Structures are given as structure tokens and as C-alpha cells.
Amino acid sequence: MAKADQRFGQRDGSDQNFDYMFKLLIIGNSSVGKTSFLFRYADDSFSSSFVSTVGIDFKVKTVYRNDKRVKLQIWDTAGQERYRTITTAYYRGAMGFILMYDITNEESYNAVQDWATQIKTYSWDNAQVILVGNKCDMDEERVVPFEKGKHLADQLGFEYYEASAKENINVRQVFERLVDIICVKMSERVDVEPPMVTGAKTTRLTDKPPQLPQNCC
């Protein structure tokens, strides 16, 4: 199988040979780690220096699922209020959202409900969402318990993971699960690709052996 991790700027920027293209957004308050989360997934890199995203940026990554080539267009959005009008314009057409807060910052957790409302307001009805409590490597500074995050996710009807871009904990699993959910919803709406339904909850996106994700550090 061809390598699943094609990096933006090499092949994916101009390559049109794919079976599906999913637009994904990472949203949440400023400084919760959205950009670091994206760079860890797309480039397997991490920088401790913090620079606020201005407006919106994106990367492209190609993965494989059931012999289907899935091109992910992943948008990293600014969390500051002054960019909100810009970023919400990108919600339309997004098939999936990673809604992120920082487990060491209660204000970012309290803002989750508002971000969820924006998803409901500006995106299409079947957009899929995963709630992520980021920076779980900083457990000694934790102010939001795992149970509290999980309870909120259950209330909102989202799946929940705790993750760490710095330590590369659950980053790939979050993206894989989100794409999995989107594929399942697609197969439910349009019965065209039966293989997309078979084994939807267990088939991984790459040619690596399946591993059960750990939802908590």
C-alpha cells in the first residue's frame, strides 16, 4: 500500500487522485493547542513556542480506509473573538469538527457550549463532532476532571477524548475516529458504497494493525 502520510506541499497540494475529500475544522478558545494538535497529526512535529493563529490556516493529509483514499482538508481556526466572523464562514461544508478545550483552563472548558452552539448554527445538520480535552500531559495543573469533560460530551452528544499534542497522546486516534464516524454517516445516507459500512467501527485508516484508543491519559 502506498504511504498514507502524504504531507501538504509535497504531493497532496495538487494531487486530485482520491476517492473522498473531507473538510474538517479544529475549533475552540485561543491557546488550547489547536495548531499544535494539527501539526502533530499532519507533520508529527511539536513546538513549545506559542503563536496565535491569525484568521484561519489549513493542512492537507491523505489517509486510507478500506482501500479508499481519503483526502483530509483540515482547517485550524483562530479562537479570538475578533476572528469569529471569519472562522464561522468556514463552517459551511465542514463534515467534521474537533472541538477543543484545555484541561488546565476552566474558561476554555466553559466556552465549549458556545462553540457547540456555533457548530449547530453555522454548519450542516450531519456534521460530526468530537470533544477533546487537550494538554492531558499537564495533569498536575489540571482543573477540569476527565469525568467532567466526559459528562459534557455526553450531554452534547459528542464522543470524548483527552489528548496531548506535546506527548502525541490520542492525536491520531481522534482524527481516525472522526473520519470513521463521517464514513458511517455517509453510508447511512447514501447506500452506494457497501464496503464503507462493513467493519466501520473497527477498520483503521492506515495499513497499521488496529489498536484500541485510550480515551484518557
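I started in helix α5 (residues 146-156), where Lys-150 and Asp-154 lie 4 residues apart, so about one helical turn separates them. For helices I took DSSP runs of H or I of at least four residues, and for strands runs of E of at least two, both numbered from the N terminus. The general rule fits here: an α-helix has 3.6 residues a turn, so residues three or four places apart point the same way.

Ground rules, before going on. This is a predicted model, so I kept local features to pLDDT of at least 70 and side-chain atom pairs to pLDDT 80 or more, while totals for chains, interfaces and linings use all residues. Residues are numbered from 1 along each chain as its sequence is written, and side-chain values use heavy atoms, with hydrogens and water left out.

**Salt bridges**

Lys-150 and Asp-154 do form a salt bridge, with the closest N and O atoms 2.9 Å apart. My cut-off was a side-chain nitrogen of Lys or Arg within 4 Å of a carboxyl oxygen of Asp or Glu. On accessibility, I called a residue buried under 20% relative accessible area, exposed over 50% and partly exposed in between (1.4 Å probe, protein chains only). Lys-150 comes out partly exposed at 31%, and Asp-154 is partly exposed too, at 47%.

Next I looked up Arg-177, which has a salt bridge to Glu-159 with the closest N and O atoms 2.8 Å apart. Arg-177 is in helix α6 (residues 171-189) and Glu-159 in strand β6 (residues 159-162), so this pair ties together parts 18 residues apart in sequence. I noted Arg-177 as buried at 17% and Glu-159 as partly exposed at 29%. Following the contacts on, I got a salt-bridge network linking Arg-65, Glu-159, Arg-177 and Asp-180.

How many salt bridges does the structure hold? I counted 10.

**Around helix α1**

Another of the bridges joins Arg-40 to Asp-44, the closest N and O atoms being 3.0 Å apart. Arg-40 is buried, at 13% relative accessibility. I then checked the rest of helix α1 (residues 34-43) and found it mostly covered, with 7 of its 10 residues buried. Among them are Lys-34, Phe-37, Leu-38 and Tyr-41. Asp-44 comes just after α1 and takes a positive phi of about 55°.

Two of those α1 residues turned up again in the ring search: Phe-37 and Tyr-41 form one aromatic cluster with Phe-175.

I also looked for charges over rings (NZ of Lys or CZ of Arg within 6 Å of the ring centre and within 35 degrees of the ring normal). The charged end of Lys-61 sits over the Tyr-41 ring, 4.8 Å from its centre. Lys-59 does likewise with the ring of Phe-39, its charged end 4.5 Å from the centre.

**Aromatic pairs**

For pairs I took rings of Phe, Tyr and Trp (its six-membered ring) with centres within 6.5 Å; planes under 30 degrees apart are stacked, over 60 edge-to-face, the rest tilted. The whole structure gave me 8 aromatic pairs. Tyr-20 and Phe-22 have ring centres 6.3 Å apart and planes at 35°, so I logged the pair as tilted. Both Tyr-20 and Phe-22 are buried.

The rings of Tyr-101 and Tyr-109 have centres 5.2 Å apart and planes at 75°, so that pair went down as edge-to-face. Are these two buried or exposed? Tyr-101 is buried at 0%, and Tyr-109 is buried at 9%.
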